[in-house]
Amino acid sequence: MRAAVTLCAAAALAVPLGTASAAPQAQQAVKQQVQDPVLVDCSMRGEVRPAAYVLACGDGNSRLTSMHWARWDATEAVGQGLNAVNDCDPYCAAGTFRSYPVTVRLDQPSAGERDPGEQHYTRITLTYTDGRPDGSPRVVTYPLPG
């Protein structure tokens, strides 16, 4: 009888401990569901703080390289890197990629179409800090896929 009482008491203590240890796991799962937004690439995969990113998905003639992100949170991301742009001279297949330093800002996060629980940035703004492609304004803003 004493053994049965001891086992029941041990089981009663184990239940609250199991529940208490499950609580942090449940909280962690909730935290993972409320992640910072992602940057959706040309393959429709979400990335966080990518070192490179293709801007011109159709032909790859404009891309970000050497990216370093100073901020990446629920409202915006800000980083610096290079915008490698094909000058398409005399035509794109024979053109030369030229790199221009840029500050990049991602903003306007929204729920993803494929995964409503995943936020993604919907707008990118490039600010050229030292030179820029011919005919390009110093600041350009584009919508992002998602």
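This report walks through the strands, the core and a few telling residues of a predicted model.

## Confidence along the chain

Let us start with how far the prediction can be trusted. The protein chain has a mean pLDDT of 83, and 77% of its residues reach 70 or more. Two stretches fall below 50: residues 1-22 and residues 26-33. In the model, residues 1-22 make 0 contacts beyond near neighbours in sequence, while residues 26-33 make 1 contact of that kind.

## Strands 3, 4 and 5

Strand 3 (residues 53-54) is joined to strand 4 by 2 bridges, and the two run antiparallel. Here tyrosine 53 stands opposite leucine 64 of strand 4. Leucine 64 comes up again in the core, where Leu64 is among the residues with the most contacts inside it.

Strand 4 (residues 62-72) also pairs with strand 5, in the antiparallel sense and over 8 bridges. One of the facing pairs has threonine 65 with leucine 82 in strand 5 as its bridge partner. The connection from strand 4 to strand 5 is a hairpin through 4 residues.

## Strands 6, 7 and 8

Further along the chain, strand 6 (residues 97-111) pairs with strand 7 in the antiparallel sense, over 9 bridges. Serine 110 stands opposite histidine 120 of strand 7. Strand 7 covers residues 119-128 and is mostly covered, with 7 of its 10 residues buried.

Strand 7 has another partner as well: strand 8 (residues 139-143) runs antiparallel to strand 7, and 5 bridges join them. Threonine 125 has threonine 141 in strand 8 as its bridge partner.

The loop between strand 7 and strand 8 holds aspartate 130. Is aspartate 130 buried or exposed? With a relative accessibility of 57%, aspartate 130 counts as exposed. The C-alpha atom of aspartate 130 is 7.7 Å from that of valine 102, although 28 residues separate the two in sequence.

## The nonpolar core

Which residues have the most contacts inside the largest nonpolar core? They are Leu64, Val104 and Leu106, in a core of 18 residues. The elements that give two or more residues to this core are strand 4, strand 5 (77-86), strand 6 and strand 7.

Valine 104 gives a good view of these surroundings. Leaving aside neighbours within four places in sequence, valine 104 is in contact with Leu64, Met67 and Trp69, with Ala77, Val78 and Gly79, and with Ile124, Thr125 and Leu126. Thr125 in that list is the threonine whose bridge partner in strand 8 is threonine 141.

## Aromatic pairs

A search of the whole structure finds 3 aromatic pairs. In one of them, tryptophan 72 and tyrosine 121 meet edge-to-face, 5.4 Å centre to centre and with 80 degrees between the planes. Tryptophan 72 belongs to strand 4 and tyrosine 121 to strand 7, so this pair ties together parts that are 49 residues apart in sequence. Tryptophan 72 and tyrosine 121 are both buried. Ring pairs also bring in Trp69, linking Trp69, Trp72 and Tyr121 into a cluster.

Tyrosine 100 and tyrosine 128 make another pair: their ring centres are 6.3 Å apart and their planes stand at 90 degrees, so the pair is edge-to-face. Because tyrosine 100 lies in strand 6 and tyrosine 128 in strand 7, the pair ties together parts that are 28 residues apart in sequence. Tyrosine 100 is buried, at a relative accessible area of 15%, and tyrosine 128 is buried too, at 4%.

## Glutamate 76 in the loop

Glutamate 76 sits in the loop between strand 4 and strand 5. Why does glutamate 76 count as buried? Its relative accessibility is 12%, and buried means under 20%.

What does glutamate 76 touch, leaving aside its neighbours within four places in sequence? The contacts are Arg71, Arg105, Leu106, Asp107 and Tyr121. Two of these residues have appeared above: Leu106 in the core and Tyr121 in the aromatic cluster.

Arginine 105 deserves a closer look. The side chain of glutamate 76 makes a polar contact with the side chain of arginine 105, at 2.5 Å. Along the chain, glutamate 76 and arginine 105 are 29 residues apart, yet 7.0 Å separates their C-alpha atoms.

Note on methods
Residues numbered from 1 in each chain as written. Heavy atoms only, no water. Buried < 20%, exposed > 50% of the residue type's maximum accessible area, 1.4 Å probe, protein only. Pairing = 2+ DSSP bridges. Phe/Tyr/Trp six-rings, centres within 6.5 Å; stacked < 30°, edge-to-face > 60°. Core = buried A, V, L, I, M, F, W, Y, C linked by side-chain atoms within 4.5 Å. Contact = heavy atoms within 4.5 Å. pLDDT = per-residue confidence, 0-100. Polar contact = N/O pair within 3.5 Å; in protein donor to acceptor, adjacent residues only side chain to side chain.
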